[in-house]
Structures are given as structure tokens and as C-alpha cells.
Amino acid sequence: MEYGVKDGSFQAAGGELGIFSLVEEFYCQMNSLEQAQKIRAMHPEDLTESIDKLASFLCGWLGGPKRYKEKYGSISIPRAHQHLKITPTEQHAWMLCMDKALQKTRYPKDFQEYLLIQLNIPASRCVNAQ
Ligand code: HEM
């Protein structure tokens with residue numbers, strides 16, 4: 001199955017369960033990495049909803065069921081981050097958490113690299129300050 005074609009990426013990510021554990025690991029990394037403390041502080045203390053929202057979004061974004069839309073309605077990623085001050089430093093911190101989380105998965109290396117490149121596109125669109 002080709003990544004980015006139909007639900008190829010969703011399947012490679014291990015479906016909904018795989019995506020939820022990736023996002024849990026992503027937030028574990030955000031809790032522990034020193035470079036991520038500024039973006040961690042932008043989130044609520046209880047990350048339950050943040051985990052559910054990001055995992056639900058990624059399900060649809062990777063070609064699987066549109067869980068975010070079902071649960072929370074429509075979303076524009078840049079608009080959802082407008083109230084936050086995001087510079088390239090915050091973008092890189094977010095990507096670092098994702099990189100470390102991906103390294104903890106058993107995803108094939110080429111899929112990890114593919115995801116990092118693809119996720120950097122919406123991440124760069126969240127940047128709203130220098
Ligand atoms: C560029 C760096 C990013 C930073 C610093 C960041 C930070 C945050 C923060 C702090 C929240 C919680 C906002 C709140 O509770 O008020 C949030 C929500 C969210 N983020 Fe990000 N984010 C980034 C990139 C991304 C990317 C690339 C995606 C998607 C691929 C994403 C998807 C989401 C989603 C779906 C929510 C929930 C929005 C909602 O329902 O209100 N974020 N983000």
C-alpha cells in the first residue's frame with residue numbers, strides 16, 4: 001500500500017489504535033523534552049482532550065475515518081492556532097516531539113521520514129510570528 005494514496009498512510013500508522021498511541025507518545029515527549037517546555041505550557045495541564053483532538057484529526061488526515069469532524073466539527077489547522085504565538089522555534093519543538101515519538105514506534109523508517117515531511121507542512125502553516 002502506497003503512503004498518501006487512499007488509506008495507505010492510515011494503515012501504515014496502525015489504524016486508530018496506532019495513531020492514538022503515537023499521539024500519547026508525542027505528548028509524553030512534550031512533557032519531558034526541555035526544548036518543548038514552552039509549547040507544553042501552552043496546553044492545558046490535563047492533556048486528555050489534546051490527545052483525543054490530535055489523534056482524531058490525524059485519523060482523517062492520514063486517509064482514515066474523519067473522527068475529528070464527527071466529534072468536534074470542522075477545523076482549519078492555522079486558524080485553530082491563531083490565538084497562540086508560534087514562531088519557527090515552536091514549530092521545531094513540535095516537530096522534535098513528533099520525531100522522537102515516531103522513533104519509538106515500529107513504523108518502517110521510510111514511513112517515519114514520510115510523516116515528518118508531511119507533518120512539517122501544516123506545522124509551518126501554524127507559524128504566525130518570527
Ligand atoms: C507548529 C507547532 C504547533 C504548536 C506549537 C501547537 C500547539 C497547540 C496547542 C497549544 C494546542 C491547544 C490549544 C488550546 O487548548 O487552546 C493545539 C491544539 C491542536 N493542534 Fe496544534 N500545535 C502545532 C502544530 C500542529 C499541527 C502540525 C497539527 C496537525 C497536524 C496540530 C493539530 C492540532 C489540533 C487538531 C488541535 C486541537 C484544536 C481544537 O480542537 O481546538 N497542531 N496545538
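User: Why is Glu70 called exposed?

Analyst: This is a predicted model, so everything here is computed from its coordinates. Glu70 has 10 Å surroundings holding 11 other C-beta atoms. The label "exposed" applies at 12 or fewer, so Glu70 counts as exposed. You'll find Glu70 in helix α5, which covers residues 67-72.

User: And what makes Ser56 buried?

Analyst: Same kind of count. Ser56 has 23 other C-beta atoms within 10 Å, and the cut-off for buried is 20 or more, so Ser56 is buried. Ser56 is found in helix α4. Glu70 and Ser56 are 14 residues apart in sequence, with their C-alpha atoms 9.1 Å apart in space.

User: Which residues does Ser56 touch, if you skip those up to four places away in sequence?

Analyst: Ser56 touches Arg67, Tyr68 and Lys71. Take Arg67: Arg67 and Ser56 are eleven residues apart in sequence, and their C-alpha atoms are 4.9 Å apart.

User: Why is Thr89 called partly exposed?

Analyst: Thr89 has 14 other C-beta atoms within 10 Å. Exposed stops at 12 and buried starts at 20, so Thr89 lands in between and is partly exposed. Thr89 lies in helix α7. The C-alpha atoms of Thr89 and Gln130 are separated by 8.7 Å, with their positions 41 residues apart along the chain.

User: How do you know that α7 spans about what a helix should?

Analyst: Set one value against the other. α7 has 16 residues and reaches 22 Å from its first C-alpha to its last. At 1.5 Å a residue, the expected value is 22 Å, so the span of α7 is close to expectation.

User: Which residues of α7 are buried, and what covers them?

Analyst: In α7, the buried ones are Glu90, Ala93, Cys97, Met98, Ala101 and Leu102. Their cover includes α2, α3 and α8.

User: Which residues touch the most other members of the largest nonpolar core?

Analyst: That core has 24 residues, and Ile19, Val23, Phe26, Leu58 and Cys97 touch the most other members. At least two residues of this core come from each of α1 (8-12), α2 (15-32), α4 and α7. α2 gives the largest share, six residues. As an example of the packing, Leu58 is in contact with Ile19 and Val23, leaving aside neighbours within four places in sequence. In soluble globular proteins, nonpolar side chains tend to be buried together.

User: What makes the protein as compact as a globular protein of its length?

Analyst: First the layout: there are eight helices and zero strands. Now the comparison: the radius of gyration is 14 Å, and the globule rule gives 14 Å for 130 residues. The two are close, so the protein is as compact as a globular protein of that length. The C-alpha trace spans about 40 × 30 × 25 Å along its principal axes. Buried residues make up 23% of the 130 residues.

User: How many residues surround the ligand, and which are the closest?

Analyst: There are 22 of them, and the closest are Met42, Lys53, Phe57, Trp94 and Cys126. By kind, the shell divides into 16 nonpolar, four polar and two charged residues. The helices α3, α4, α6, α7 and α8 each supply at least two residues of the shell, and the largest share, four residues, comes from α4.

User: Why does Cys126 count as partly exposed?

Analyst: Cys126 has 17 C-beta neighbours inside 10 Å. That is over the 12 for exposed but under the 20 for buried, so Cys126 counts as partly exposed. Cys126 lies in the segment after α8. Leaving aside neighbours within four places in sequence, Cys126 is in contact with Ile77, Pro78, His81, Ile86 and Gln91.

User: How far apart are the C-alpha atoms of Cys126 and Cys97?

Analyst: They are separated by 16 Å, and the two residues are 29 apart along the chain.

User: What is the phi of Lys6?

Analyst: The phi of Lys6 is near 50°, a positive value in a residue other than glycine. Most residues other than glycine have a negative phi. Lys6 sits in the segment before α1. With 10 other C-beta atoms within 10 Å, Lys6 falls under the limit of 12 or fewer, so Lys6 is exposed.

Terms used: Residues are numbered from 1 along each chain as its sequence is written. This is a predicted model: local features need pLDDT of at least 70, side-chain atom pairs count only at pLDDT 80 or more; totals for chains, interfaces and linings use all residues. A residue is near a molecule or strand if its C-beta atom, placed from the backbone, lies within 6 Å of it. Ala, Val, Leu, Ile, Met, Phe, Trp, Tyr, Cys and Pro count as nonpolar, Asp, Glu, Lys and Arg as charged, and the others, Gly among them, as polar. A nonpolar core is a set of buried Ala, Val, Leu, Ile, Met, Phe, Trp, Tyr and Cys residues joined through C-beta atoms within 7 Å. Two residues are in contact if their C-beta atoms, placed from the backbone, lie within 7 Å. The radius of gyration is taken over C-alpha atoms; the globule rule is 2.2 Å times the number of residues to the power 0.38.
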